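Here is a short tour of a protein model, with a few places worth a look. Please keep the viewer open as you read.

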Amino acid sequence: MHKKLILLLITFVMIKNIQAQSTQTSENMWLSYNPSYTTFKLFSPEADEAIVKMYKLANDKTSFLTLKFEKKDDGVWQATFDGNAENFFYTYQVKHKGVWLNETVDIYATAVTANGKKAQIVDWEKHYSKPVINNTNDKKNAIVVYEVHVRDATIFTNAKNKGKFLGLTETKIKNKFNQPVGLSHIKNLGITHVQILPMFDYNSIDETSSKPNYNWGYDPLNYNAPEGSYSTNPNNPITRIKECRSMIEAFHKNGIGVIMDVVYNHTGLTKESNFNQLCPNYYYRTNPNGTLSDASGCGNETASEKPMFRKFMIESLTHWVKWYNVDGFRFDLMAIHDIETMNEISKALRAIKPNIILYGEGWTSGGSPLPENKRALKANAKQLDGVGVFSDDIRDAIKGSVFNHKENGFIAGVPNVEESIKFGLVGGIQHPQVDYSKVNYSKASYCNSPLQHVSYNECHDNHTLWDRLVLANPSATEKEKVEMYKVAMGIVMLSQGVSFMQAGQEFCRTKFGEENSYNKPDKINGLQWDNLEKYKTMNQWVKQLINLKKNNEAFALGDANLVQKNVQFVEDKNNVVAFTTTNGIKTFLVIINTNTSKKTIEVGLEKKYKTVLNNKPVLIADNIIVEGTSFTVLEVK
Ligand code: CA
């Protein structure tokens, strides 16, 4: 036992050394190609033997060459191919405890064939220009994120490349009412960033099948290569990389940043995963009895605290920034990762792109052996270095708990949730006027900066806000639901946090009552662009809110001290929340009334008020009188 422990410790120290050296390395240290030779590296301390199998064509069944890996230091194996290996395909195979495991793709592979079966040796410099990365610290405080799935975005359009990466580069596509859709619409709406649902290679879709097949993609296969089903030619690794890069470039050309949804917390496969086939059991957490723990609810959870998985995450994310110019990452079930890893990630990525946006789900889906005080939980967000968290506090205060389908929230007139709404409006920071004991889930502030707080009322998970309003308010009229919806959008967009919406909310997106659409057909998930006509006032409303946020610092102060000082609540009871906010030059008064009746806000007449935005009439007389279920923004002179 003792000997084993000492060996383990030595291995750990050695791995630590590799980590220290290699986080300096910007390129993939695991495969280095040049025209005269190619070096392969593999981490597998317990392997008995390991080989590289090389293929000339993507679909070749037999390899033309097998290279034997040689064991080097620190559990790393190395093999070299002499000559030019450009465009050859390769796989690895490891012998572990006397048994040859499955032939598997390199976990670091950056170019893969259909269904991620083989990796390809690609001369990146030859095929792709290296993006010029903006390395200035021009921090933007007004961030409005639009969450969209590649296939959903164009599947119901007249795009040439429907459902593909390239569909999101097409700027002339229209709906049947001749309104621009896809990229042009997203640009017109004014959002600052798109958040793309998983676009790395995932497992659930057969990329070789022409039948319609749908998945959100939260089942990672090859983390460093784009998903093949979004490419016009999944068989060609070089093409899929090119098309994914074209999509990102098209967003950039239109002034929109790209945030990538990443899922390092678990792998789609467990025993058969390339991690387990190349280095069994190393990359995953286990329970005390040796079984795999499952905080993801998907059969396994990865172990970010282990040096080589932490390093893997950092190198993988770095690859997406350096070669795809990604502007931010959304971490799925982020609390499965440890705080130290998240801070290492933040440090490594900010060294390349100082204004990178990082946030995630500050929760897990089940219990984990990782102690709570180490998890990147929402409650621990103050220990995270510039990494934000989704606020279920504001989400559920607005509409009711996502798990209780008939429950209503603030927008439907539920009493006593004002403090949770205020908590979200200030961006989860400590504010002297918020009574934290009355906030729905969090009895304390958890953000150092309002930009750590992701404010939302809907994302890909759970019912859409519209479907929820239908479920929880069976007797409400269409008009009443639209008014509640407008208030919900107002709260999210004019929060000091990061404002987040799901694609299609600007036309009251419905998934026809489907609660979990992860593998449902296009008719449920695809964006129904023709609804832009039916809900054009909503589209206009969302656009106006976004513009207001982007054009006025008062709604994006970006700093906790400024929010404490400059955001003042003037009313916060009986379903009315009213506050003023200023950047010192321009001051606004926002009045949210979710009673169905009129309310008078006593502000006195010493100042002048000008209406900037309202969904219902406002009367400025002796005092300010707002209608029921209304969201009103006034400029204070
Ligand atoms: Ca795939």
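What follows covers a metal site, a strand residue and a helix.

This is a predicted model, in which local features need pLDDT of at least 70 and side-chain atom pairs pLDDT 80 or more, while totals for chains, interfaces and linings use all residues. Residues are numbered from 1 along each chain as its sequence is written, and side-chain values use heavy atoms, without hydrogens and water.

Let's begin at the calcium ion. Its protein donors (N, O and S atoms within 2.8 Å of a metal, or 3.2 Å for Na, K and Ca; water is not among the atoms, so sites may look incomplete) are Asp201 (OD), Tyr202 (O), Glu207 (OE) and Glu227 (OE), at 2.1 to 2.4 Å. Along the chain, the donors of the calcium ion are spaced D-Y-x4-E-x19-E.

Three residues count as buried (under 20% relative accessible area, with exposed over 50% and partly exposed in between; 1.4 Å probe, protein chains only):

| Residue | Relative accessible area |
|---|---|
| Asp201 | 0% |
| Tyr202 | 1% |
| Thr582 | 17% |

Thr582 belongs to strand E21, residues 576-582 (strands, E, of at least two residues and helices, H or I, of at least four are DSSP runs, numbered from the N terminus). Leaving aside residues up to four places away in sequence, Thr582 is in contact (heavy atoms within 4.5 Å) with Ala554, Leu557, Asn566 and Thr587.

Finally, the buried residues of helix H15 include Trp541 and Lys549.
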